[in-house]
Amino acid sequence: MVCLISPPMFKNIVVFLIGSVLNASLEIMLEKENRDYGDTVVGSFLDTYHNLTLKAVMGYRWLSSRCRDVQLLIKMDDDVFFDVRKFFTRYWKRVGNDRKQKALHCLVWSRAAVGRAGKWKVEKDIFADSSYNFPYCSGFFVVISPDLIESIYIHGRNMDFFWIDDVFLYGMVPASIGGVHFIQLASQKGMLVENYDDLLWCRERYSHEKCSIWAALTSKDSDFDFEYSALLTPDLLRTGKHIPIK
Ligand SMILES: *[C@@H]1O[C@H](CO)[C@@H](O)[C@H](O)[C@H]1NC(C)=O
């Protein structure tokens with residue numbers, strides 16, 4: 001998690017949210033990290049995939065107490081390509097103030113089916129309905145208006161945990177807060193895409209300058225690396241390894 005403090009301090013704080021680990025040598029390394037850099041926030045839960053919701057609520061607790069007065073909060077996964085400049089110039093500066101309050105900007109799902117198989121399998125005794133009766137954000141990239149930070153923490157802390165973190169934090173919790181605006185960033189000519197091929201297609205179709213996409217979930221390291229290198233060396237987009245797709 002990165003906390004950017006506004007002027008006059010101009011200080012960036014990076015902290016790592018972790019739970020407890022069972023591996024002793026990993027535990028020792030984490031303690032060393034904290035001794036040397038003091039940059040870990042450690043929760044009293046086992047650090048597992050199914051406990052991600054606990055980690056996220058802990059993150060909101062940290063934000064509420066230690067990173068106040070933030071201008072903007074973005075939650076993104078570490079395999080997302082994000083063109084910060086394009087985001088601000090093409091999107092954020094054009095967003096009206098009414099859409100910057102109690103708002104979540106993301107890829108919004110409405111009445112999504114509850115998964116009954118695979119990685120996100122949800123047992124019927126946990127969630128009986130066949131679809132979620134509230135909108136929620138895909139968790140790979142979410143812009144959260146800072147006025148929601150404290151209420152996400154307070155509501156999240158007091159609700160029964162649901163292990164799918166994006167459904168919980170960006171669905172159940174906002175439903176409990178009430179009056180939260182969901183702003184859809186995925187549309188025909190989207191700005192945020194879940195499928196990396198959509199970014200390739202968009203650049204091919206409209207050219208890099210005109211393509212409106214500024215964030216994409218990548219599926220392999222080489223695509224991720226390519227995109228960030230191309231930010232520094234735009235020529236790569238012309239000469240790069242990517243073969244135009246049909
Ligand atoms: C989550 O953390 C708690 C507390 O450490 C632990 O008892 C539980 O097994 C963990 N859950 C999962 C699914 O890992």
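Select Ala-117, which sits in the loop between β7 and β8. The model on screen is a predicted one. Ala-117 counts as exposed, because its relative accessibility is 57% and the cut-off for exposed is over 50%. Now add Leu-104 to the selection and draw a line from C-alpha to C-alpha. The two residues are 13 apart in sequence and 28 Å apart in space.

Stay in that loop and pick Arg-111, which is also found between β7 and β8; strand β8 covers 136-144. Is Arg-111 buried or exposed? Arg-111 is exposed, with a relative accessible area of 57%. Look at its backbone as well: phi of Arg-111 is near 45°, a positive value in a residue other than glycine. Most residues other than glycine have a negative phi.

Next, go to Lys-102, in the loop between α3 and β7. Here too phi is near 45°, and the residue is not a glycine. Lys-102 is partly exposed, since its relative accessible area is 31% and partly exposed runs between 20% and 50%.

**Into strand β7**

Select residues 103-109 to show strand β7, then pick out His-105 within it. How much relative accessible area does His-105 have? The value is 1%. His-105 is therefore buried, as the cut-off for buried is under 20%.

Show the side chain of His-105 and the backbone of Arg-99. The His-105 side chain reaches the backbone oxygen of Arg-99 at 2.7 Å. Then display what surrounds this histidine. Leaving aside neighbours within four places in sequence, His-105 is in contact with Tyr-91, Trp-92, Val-95 and Arg-99, and also with Phe-141, Val-142, Val-143, Ile-183 and Leu-185.

**Helix α3**

Select residues 84-91, which form helix α3, and find Val-84 in it. Val-84 is partly exposed, with a relative accessible area of 42%. For a view across the model, add Val-21. Val-84 and Val-21 are 63 residues apart along the chain, and their C-alpha atoms are separated by 34 Å.

**Helix α1 and what follows**

Select residues 24-37. This is helix α1, with 14 residues. How far does α1 reach from its first C-alpha to its last? The helix reaches 20 Å, close to the 20 Å expected at 1.5 Å a residue. Move on to Gly-38, just after α1, where phi is positive at about 55°.

From there, go to strand β4, residues 40-46, and select Thr-40. Thr-40 is buried, because its relative accessible area is 13% and buried means under 20%. Show its side chain together with that of Asn-34: the two side chains make a polar contact at 2.9 Å. Apart from neighbours within four places in sequence, the residues in contact with Thr-40 are Phe-16, Ile-18, Glu-33 and Asn-34.

One of those contacts, Phe-16, is the next stop. Phe-16 lies in strand β3, which covers residues 16-20. Is Phe-16 buried or partly exposed? Phe-16 is partly exposed, with a relative accessible area of 41%. Setting aside neighbours within four places in sequence, Phe-16 is in contact with Glu-33, Asp-39, Thr-40 and Val-41. Then add Ser-219 and draw another C-alpha line. Phe-16 and Ser-219 are 203 residues apart along the chain, with 23 Å between their C-alpha atoms.

**The ligand**

Finish at the ligand. Which residues surround it? They are Phe-45, Leu-46, Thr-48, His-50 and Asn-51. By class, this shell holds two nonpolar, three polar and no charged residues.

Show the ligand's oxygen atoms and look at three distances in turn:

- Leu-46: a polar backbone atom of this residue is 3.0 Å from an oxygen atom of the ligand.
- Thr-48: an N or O atom in its side chain is 2.6 Å from an oxygen atom of the ligand.
- Asn-51: a polar side-chain atom lies 2.4 Å from an oxygen atom of the ligand.

Last, switch on a surface for the ligand. On its own, the ligand has 360 Å² of accessible area, and the protein covers 49% of that.

How values were computed:
Residues numbered from 1 in each chain as written. Predicted model: local features only at pLDDT ≥ 70, side-chain atom pairs only at ≥ 80, totals over all residues. Heavy atoms only, no water. Helix = DSSP H or I, 4+ residues; strand = E, 2+ residues; numbered from the N terminus. Buried < 20%, exposed > 50% of the residue type's maximum accessible area, 1.4 Å probe, protein only. Near = heavy atom within 4 Å. Polar contact = N/O pair within 3.5 Å; in protein donor to acceptor, adjacent residues only side chain to side chain. Areas by Shrake-Rupley, 256 points an atom, 1.4 Å probe, with all protein chains shown as cover. Nonpolar A, V, L, I, M, F, W, Y, C, P; charged D, E, K, R; others polar. Expected span 1.5 Å × (residues − 1). Contact = heavy atoms within 4.5 Å.
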